[in-house]
Amino acid sequence: MTPLILIMAIAGVAPIDDAALRFAKSLSPVPSSPVDPTNALESDPQAALLGHMLFFDTGLSRSGETSCATCHVPAKAFTDGVPLARGAAEGHFNTPTLLGVAHNRWFFWDGRADSLWSQALVPIEHQLELDNSRTDALRHIASTPALKKQFIAVGGTMPDVFDLERFPIGAKPGTDTWNAMTPEDQNAVTAAYVLLGKAIASFERQLSPGESDFDRWVASINANQRDDNLMTPAALRGFALFANEAGCGQCHFGATISDLEFHDLALAPTDPANPPPGRGGGYAMLRANEFRSDGIWSDAPESRKARRAANARIGPEHWGAFRTPSLRNIALTAPYMHDGRFETLAEVLAFYNTLEGQIRRHHHAEDVLKPLDFSDSELRDLEAFLISLTGEPPRPELCQPPPIGGTQVEIPAE
Ligand code: HEC
Ligand code: HEC
């Protein structure tokens, strides 16, 4: 034992080996959001402002009572604190954080969207969320002067949605009223709708995880002035476990401490008669998604990103698999797992410790998980490390609706 490691062992701080230090540097700092070529509006500040307005706007819902921020609450790292999200009705999934969301390549727990902008178009029309239709969402914008003005500033073309014969109430794909519309009118509505999604994504892209104690510690290493006082001794020991013995880094690595791909942890289904299809079902929905990266509404259908989406394949191991979640700000995003089954981090870690309750639905379930068999104090250390990933909140102005001002635009005469 070298003297330094001896001193650290006596002080109760885990010696952190070179491999773990390299791993630490690969996790931090969080890089800026990657560019999405399929969204030409992504870096347009006018689009970001429109998206910001829409994100907090309950007028986007059919009831007029729900907005994106109802479930993605800024103070809870843009989650809602309940096991299953509740919009127009209770859903089947736990609400994920939006801090760092632009780093994902597949969206939703089952990856049924392949871009941030196409993701945003789902909750607006989803019956368990905002339960609206694209046609009515546009009517809300056309009749709200500040929104209409901003929509036009972004280059949107508003169809004549006040003509209820041509643009009936509730018209969205799958309804008779939508099928009765002319293809030109349908296209005009969808084009304007797509612009809303791209604007919302442009806003969401600014939501980054914020600097945490762990990041400050890694920054000290990068500056060749490693300062272990920037983390608690327990968090440092926990990081060493996370990086080495616990094997968490097989799936939890990269910008958001997620491999961004899908795994089946063989969590017992809450309804054994209806086990969730996970990525298997999400893949089928992605194939059918009219807003795919390689589709006609994409701004770069030939891009590498779009080709990757088009070429994605699944295998039997994807049934029941969910996307590895971000671990950044994890202390703020309880409850946990795709169905919110664990109330606390301690419960998540208790699962990894024993793998109790696992039910393998097929022999393809992940074999990489082995019971950790850690002591209670080791589990507490691991938890302390997870807590050290809590970042500074985003800029305050991103956590509340934007002040709406400026000249009002007149609503066109009907
Ligand atoms: C009723 C609560 C609710 C509302 C309202 C809601 N969301 Fe969500 N959001 C969720 C849940 C639950 C999921 C995960 C669903 C799933 O995976 O199937 C989710 C997933 C997401 C994701 C994907 C995150 C990821 O990591 O894959 C994004 C982005 C998102 N929502 C943004 C929005 C936007 C933008 C709006 C408003 C247009 C919105 N949400 C409205 C509950 C909600
Ligand atoms: C085989 C890949 C894999 C490994 C290894 C792994 N995880 Fe996970 N982790 C996942 C997936 C996938 C989920 C989501 C599972 C679900 O909801 O069905 C998850 C969920 C979590 C969650 C809950 C996140 C949330 O927002 O709900 C935490 C915390 C977590 N993992 C920590 C760890 C720790 C600590 C380790 C090491 C002991 C670890 N994971 C090992 C893939 C992995």
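What follows is a chat between a trainee and a mentor about this predicted model.

Trainee: Before we start, which ground rules apply to the numbering and the values here?

Mentor: Residues count from 1 along each chain as its sequence is written, while chains are lettered from A and ligands numbered from 1 in the order in which they are written. Side-chain values use heavy atoms, with hydrogens and water left out, and since this is a predicted model, local features need pLDDT of at least 70, side-chain atom pairs count only at pLDDT 80 or more, and totals for chains, interfaces and linings use all residues.

Trainee: How many helices and strands does the chain have?

Mentor: Take helices as DSSP runs of H or I with at least four residues and strands as E runs with at least two, numbered from the N terminus. On that basis, the chain has 15 helices and 2 strands.

Trainee: What radius of gyration does the chain have, against what a compact globule would have?

Mentor: The radius is taken over C-alpha atoms, and the globule rule is 2.2 Å times the number of residues to the power 0.38. The C-alpha trace spans about 80 × 50 × 40 Å along its principal axes. For 414 residues the rule gives a value near 22 Å, which agrees with the chain's 23 Å.

Trainee: What share of the residues is buried?

Mentor: Buried is under 20% relative accessible area, exposed is over 50%, and partly exposed lies in between, with a 1.4 Å probe and protein chains only. Of the 414 residues in the chain, the buried share is 53%.

Trainee: Among contacts between residues at least 6 apart in sequence, what share joins residues at least 24 apart?

Mentor: A contact here is a pair of heavy atoms within 4.5 Å. Among contacts with that separation of at least 6, the share joining residues at least 24 apart is 71%.

Trainee: How far apart are the mean positions of the positive and negative charges?

Mentor: Lys and Arg count as positive and Asp and Glu as negative, without His or the chain ends. Each charge is placed at NZ of Lys, CZ of Arg, CG of Asp or CD of Glu. With 34 positive and 52 negative charges, the mean positions are separated by 4 Å.

Trainee: Which protein residue is the donor to the iron atom of ligand 1?

Mentor: Donors are N, O and S atoms within 2.8 Å of the metal (3.2 Å for Na, K and Ca), and water is not among the atoms, so sites may look incomplete. The protein gives a single donor, an NE2 atom 2.1 Å away. Its residue sits in the loop between helix 4 (68–71) and helix 5 (116–125). That residue is H72.

Trainee: Which helices do the buried residues of helix 10 pack against?

Mentor: Helix 10 covers residues 213–222, and its buried residues are F214, D215, W217, V218, S220 and I221. Just after the helix comes N224, with a positive phi near 60 degrees. The partners of those buried residues are helix 2, helix 11 and helix 15.

Trainee: Is H252 buried or exposed?

Mentor: H252 lies in the loop between helix 11 and strand 1. Leaving aside neighbours within four places in sequence, H252 touches F23, F242, I257, S258, T324, P325, L327 and Y352. S326 is 74 residues away in sequence, yet its C-alpha is 7.8 Å from that of H252. At a relative accessible area of 9%, H252 is buried.

Trainee: And I257, what is its relative accessibility?

Mentor: I257 is in the loop between helix 11 (233–243) and strand 1 (262–263). Its phi is positive, about 60 degrees, although I257 is not a glycine. I257 counts as buried because its relative accessibility is 0%.

Trainee: Where does M337 sit?

Mentor: M337 is not a glycine either, and its phi is positive, near 80 degrees. M337 is buried, with a relative accessible area of 12%. Its place is the loop between strand 2 and helix 14.

Trainee: Which residue follows A334 through a cis peptide bond?

Mentor: Another cis bond runs from S28 to P29, with omega near 0 degrees, and P29 is in the loop between helix 2 (18–27) and helix 3 (45–55). From A334, the cis bond has omega near -10 degrees. It leads into the loop between strand 2 and helix 14 (345–354), and the residue is P335.

Trainee: Last one: how far is E397 from H318, C-alpha to C-alpha?

Mentor: E397 is in the segment after helix 15 (376–387). At 41% relative accessibility, E397 counts as partly exposed. The two residues are 79 apart along the chain, and their C-alpha atoms are separated by 39 Å.
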